[in-house]
Amino acid sequence: MWFNTWVGARLLWSECTAMTAGRAEVEMRPPDGFRNPDGAIHGGLISAVADQAGGLAVHSMIGPDQTSTTVHLDVQFLRAARSAPLRAVGEVRRLARTVGFASVRVLDGEGDVCATAAGTWSVSTRSAPR
């Protein structure tokens, strides 16, 4: 799977662990240095893994000549994530010709939902390499 060899995934300690049509799971194992003084994992990392899972869910339903780009991501933080790995589960809610909508649940290392997200991804035909 291309995502697992992408430098962006490696830099964010992420791995796609499952992907089927309209659904993707991403696991993130951030180092302890990315916790706030209270021991919670930084919210930016929670947002990043939500974006990855939602984007991969949309990507799983588009053609090989297409690409998707995040247009909007709304994250609701429900509780502090104090344990890793984070696991984000993205599911496509609707896919149209030029836009996809997905929802995401982010679970902490204990399996508790620490955040939810809803996003919109633009879908377009890949342009020729420059």
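**Entry 1. The β1–β2 hairpin**

I began with Met19, which stands opposite Ala24 in β2. The model I am reading is a predicted one. I then looked up the pairing of β1 with β2 and found it antiparallel, over 6 bridges. The two strands form a hairpin with 2 residues between them. I noted the backbone of Gly22 in that turn, where phi is positive at about 85°.

**Entry 2. The sheet**

In what order do the 6 strands of the open sheet lie? I read the order as β1-β2-β4-β5-β6-β3, with antiparallel pairing. The edges are taken by β1 (14–20) and β3 (66–77). Each of these has a single partner strand, so one side of each is left without a neighbour in the sheet. For the turn between neighbouring strands I recorded 25° on average, with direction ignored.

I next followed β2 to its partner β4. This pair is antiparallel and extends over 6 bridges. Within it I located Met28, which stands opposite Leu86 in β4.

**Entry 3. Helix α2**

I looked up which strands α2 lies across, and recorded β1, β2, β3, β4, β5 and β6. Relative to β4, α2 runs at about 40°.

I checked the length of α2 against expectation. At 1.5 Å a residue, its 17 residues should span 24 Å, and the end C-alpha atoms are 24 Å apart, which agrees. I also asked how far α2 is enclosed by the rest of the structure. Of its 17 residues, 13 are buried, so α2 is largely enclosed.

**Entry 4. The nonpolar core**

I took the largest nonpolar core, which has 30 residues. Those with the most contacts inside this core are Ile46, Val49, Val58, Leu86, Val104 and Val106. At least two core residues each come from β2 (23–28), α2 (43–59), β4 (86–95), β5 (99–107) and β6 (113–125). The largest share, 9 residues, is supplied by α2.

I examined Val104 in more detail, setting aside residues up to four places away in sequence. Val104 touches Ala50, Ala53 and Gly54, and also Ala88, Val89, Gly90, Ala115, Thr116 and Ala117.

**Entry 5. Ser103**

Is Ser103 buried or exposed? With a relative accessible area of 18%, Ser103 is buried, because the cut-off is under 20%. I placed Ser103 in strand β5. Its side chain is joined to that of Arg93 by a polar contact of 2.8 Å. Beyond its neighbours within four places in sequence, Ser103 is in contact with Arg93 and with Val89, Gly90, Glu91, Ala117 and Ala118.

**Entry 6. Trp13**

I turned to Trp13, in the loop between α1 (7–11) and β1. I recorded Trp13 as partly exposed, at 28% relative accessibility. Its contacts, leaving aside neighbours within four places in sequence, are Glu27, Met28, Arg29, Pro30, Pro31, Phe34 and Leu45. For Pro31, which is 18 residues from Trp13 along the chain, I noted a C-alpha separation of 8.4 Å.

**Entry 7. Arg94**

Lastly I looked up Arg94, which is found in strand β4. Excluding neighbours within four places in sequence, Arg94 is in contact with Val99, Gly100 and Phe101. Against His59, 35 residues apart from Arg94 in sequence, I recorded a C-alpha to C-alpha distance of 12 Å.

Terms used
Residues numbered from 1 in each chain as written. Predicted model: local features only at pLDDT ≥ 70, side-chain atom pairs only at ≥ 80, totals over all residues. Heavy atoms only, no water. Core = buried A, V, L, I, M, F, W, Y, C linked by side-chain atoms within 4.5 Å. Buried < 20%, exposed > 50% of the residue type's maximum accessible area, 1.4 Å probe, protein only. Helix = DSSP H or I, 4+ residues; strand = E, 2+ residues; numbered from the N terminus. Contact = heavy atoms within 4.5 Å. Polar contact = N/O pair within 3.5 Å; in protein donor to acceptor, adjacent residues only side chain to side chain. Pairing = 2+ DSSP bridges. Axes fitted to C-alpha atoms, helices over the stretch in contact; angles between N-to-C directions. Expected span 1.5 Å × (residues − 1).
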